[in-house]
Amino acid sequence: MMVLTTQSILCTIFGIFISQTLYRILSRLYLHPLRKFPGPILAAITGWYRFYFDIVANGQYIFHIHDLETTYNSRIIRVSHNHLHINDPDFYHEVFKPGTAFHRDPAFYTSLPFSNSVASLTDFHHHSLRRKKLNPAFTPSAVQSSLSTLITNIEDIGETLSRACRDGRPLNIQRLFVYLSVSKRFNFSSPELLLPRETHQPPPPVLLQWIVPGYVRMRKVQGPPPPPASHEPEPLTPANSKYCASNLASIQEGREQAHRDSNPDKRTLCDILLADGAESTSTEDFIDEAVLFMFAGADTTSYALANAVYYLLSSPRVLQTLQRELQGVDAQMRAHDWAAVRRLRYLSAVIDETLRISCPAPGVLPRIVPQGGCVIAGLGFIPGGTTISTSHSSISRNATIFRNPRIYQPERWLSEESNGLDHWKVQFSKGPYACIGMKLAQMEMTMALAYLFNRFELALYETDAESMRVSDWIVAANREPVRVRVVRDAWG
Ligand code: HEM
C-alpha cells in the first residue's frame, strides 16, 4: 500500500502547479487565436510583463508598446495573451464613435480605484444612466455659468505670479494650475467655497471639501475615502481635515444656497449626484465620483496647461505670435471682457497643438471586440472577446496624419492643409465614453493661457526636456513640475 508522506503530497502539488503553468504557457503561445500576431513572447505568456513596464518602469507600458511597433515593424502588437494594441487611425474611429460595438474591458475598468464612478462603469446601460445624471453639470450653459469662478481663480494665480515677480522667486506653476482646475471643479458656481484668496497656501482639501457635505448628509460613510489615483495625490493630511472642518459651515451654507437657487446651472456636482433621479447614488458611488473628478478634472488640465507653458517658453517664435494676437484683446481683458478671448484663432491652435503633443490620456483604454469578431484592413481578423486598445498617443504621433509629429507647431491647425485635421482632435476621446469635461477643460485652458501670456513675461526655471519626460498613470504625468521665473508683470 502506498504511504502518503508530506513530501510526496508537496511534490504532487508542485507537479500539478508546474504542469498547469506549462500548459498555460504552451497554449498561449501555440494554441491561442492571437498567436499569429507579433509581440514579445513574455508579454504573450504573462501579465507580469505589463506589470513591469507599468509599475517597476514607472508608467512606461504605452511608450514601450510604441517602441515594439518599430521593433516588430508592425502596427498591431500582441501586448498580453488576449490583448492587441492596434495603431491604425481608421480603426480608432471604428472603436471610438457614437454607437460603437466596442465596449469597455471590465478587467481594466473595474480595477480602477474608483470602480463605482462613471469612468469605470462597463455596463453600457448603467453607464448611460450615470452619464445622464452628471450631464447637467457640463451643459454649455453650466460651463458658461462657471466662467466668473474660473476668472476669479485665474486672477488669484495672477496675484501669486505678480508677488513672485516682485520677490524674484521662481515658482511651481504646474501646482498653481491644480488649484485652478480643482477648486472650481468641485464647487461649480460656488465661489464662496474657494480657498480664502489671501492665504495662497497649499491646495485646499479639495476631495474632502467636496465630499464632506455628503458625509454629513448621508451619515453612512465608514472610514476615510479611498486614495486618489493621481500620480501626485493631494495629501489628506490632518491639516487639510482641520481646514475642512473649520469651513464646514460655509460649505454647507453654500450647498443649501445652491439648493435654494432656481437656476439649475448653479448646482454643484454634489447636488446633482445627490438629487433624486432615475439612478440613485449610493455612498460608494458618491465617494468614487469624488475621487474620479478630483484627478480626471484636475490632473489632466493642469498637466496640459503646464505643457503649454513649457512648449511656449521653449518656442520663442510661437510665443511671439501668440503674444501679438493677445495684444489685440489686451484692452478687453483688462476690462474683464473675456468674450473676445474665445475668438482667438492662434490661441486655439496653441491649445490643440499642446493637447496633441502632450497627450494627457496617452495609454491603453481597452475595449472588447464584439461577438463575431472584426476585420481590420491589412491586419486581418480579430476574434470576438479579444481585448484591443488603440491609444490616443498612437494618433498624436502618427506621421501620416501629422507632418513632423515631434515638432510643436500650432500653425499646422491653421494652414491650408489643416482641412480635415479636426477629425484628429481626439485627445478627449470620442463616442459614448468620451470626456464629459471637454468644454470645461477647453475654457479653462483658453482663459488661463490668454491671461498669463498677456499679462506676464515668463521664463522656464530648472525645467527642461528631462523634466517633461512622461509617465502614464492613466493620466500623463511629467517627471518634474514645470517651474518658471516671472520676468515682468505688464499690469504691475
Ligand atoms: C485636458 C483635459 C482633459 C483631457 C485630455 C481628458 C481626456 C479624457 C479621455 C481621453 C477620457 C476617456 C477615457 C476612457 O475612454 O476611458 C476622459 C473621460 C472622462 N473625463 Fe476627461 N479629460 C480632460 C479634462 C476633464 C475635466 C476637466 C473633467 C471634469 C471636470 C473630466 C472628466 C472626465 C470624466 C468624468 C470622464 C469619464 C467619462 C465617462 O466615462 O463617461 N475630464 N477624459
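Which helix gives the most residues to the shell around the ligand? In this predicted model, that element is α15, which contributes seven residues to the shell. The points below first describe the surroundings of the ligand and then turn to two residues, S429 and E462, whose phi values are positive although S429 is a residue other than glycine and E462 is likewise not a glycine.

**Ligand shell**

- The ligand has 24 residues around it, and among these G297, T300, A361, C435 and G437 come nearest.
- At least two residues of the shell are supplied by α15, which spans 283-314, and at least two by α20, a helix that covers 438-455.
- Sorted by class, the residues of the shell comprise 16 that are nonpolar, six that are polar and two that are charged.

**S429**

- The phi angle of S429 is near 70°, and the residue is placed in the loop that runs between α19 (392-396) and α20 (438-455).
- S429 counts as partly exposed because it has 16 C-beta neighbours inside 10 Å, a count that falls between the limit of 12 or fewer for exposed residues and that of 20 or more for buried ones.

**E462**

- For E462, phi is positive at about 45°, and its position is in the loop between β9 (456-460) and β10 (470-473).
- E462 is exposed, since 11 other C-beta atoms lie within 10 Å, and the cut-off for that class is 12 or fewer.

Definitions and conventions: Residues are numbered from 1 along each chain as its sequence is written. This is a predicted model: local features need pLDDT of at least 70, side-chain atom pairs count only at pLDDT 80 or more; totals for chains, interfaces and linings use all residues. Helices (H or I, at least four residues) and strands (E, at least two) are DSSP runs, numbered from the N terminus. A residue is near a molecule or strand if its C-beta atom, placed from the backbone, lies within 6 Å of it. Ala, Val, Leu, Ile, Met, Phe, Trp, Tyr, Cys and Pro count as nonpolar, Asp, Glu, Lys and Arg as charged, and the others, Gly among them, as polar.
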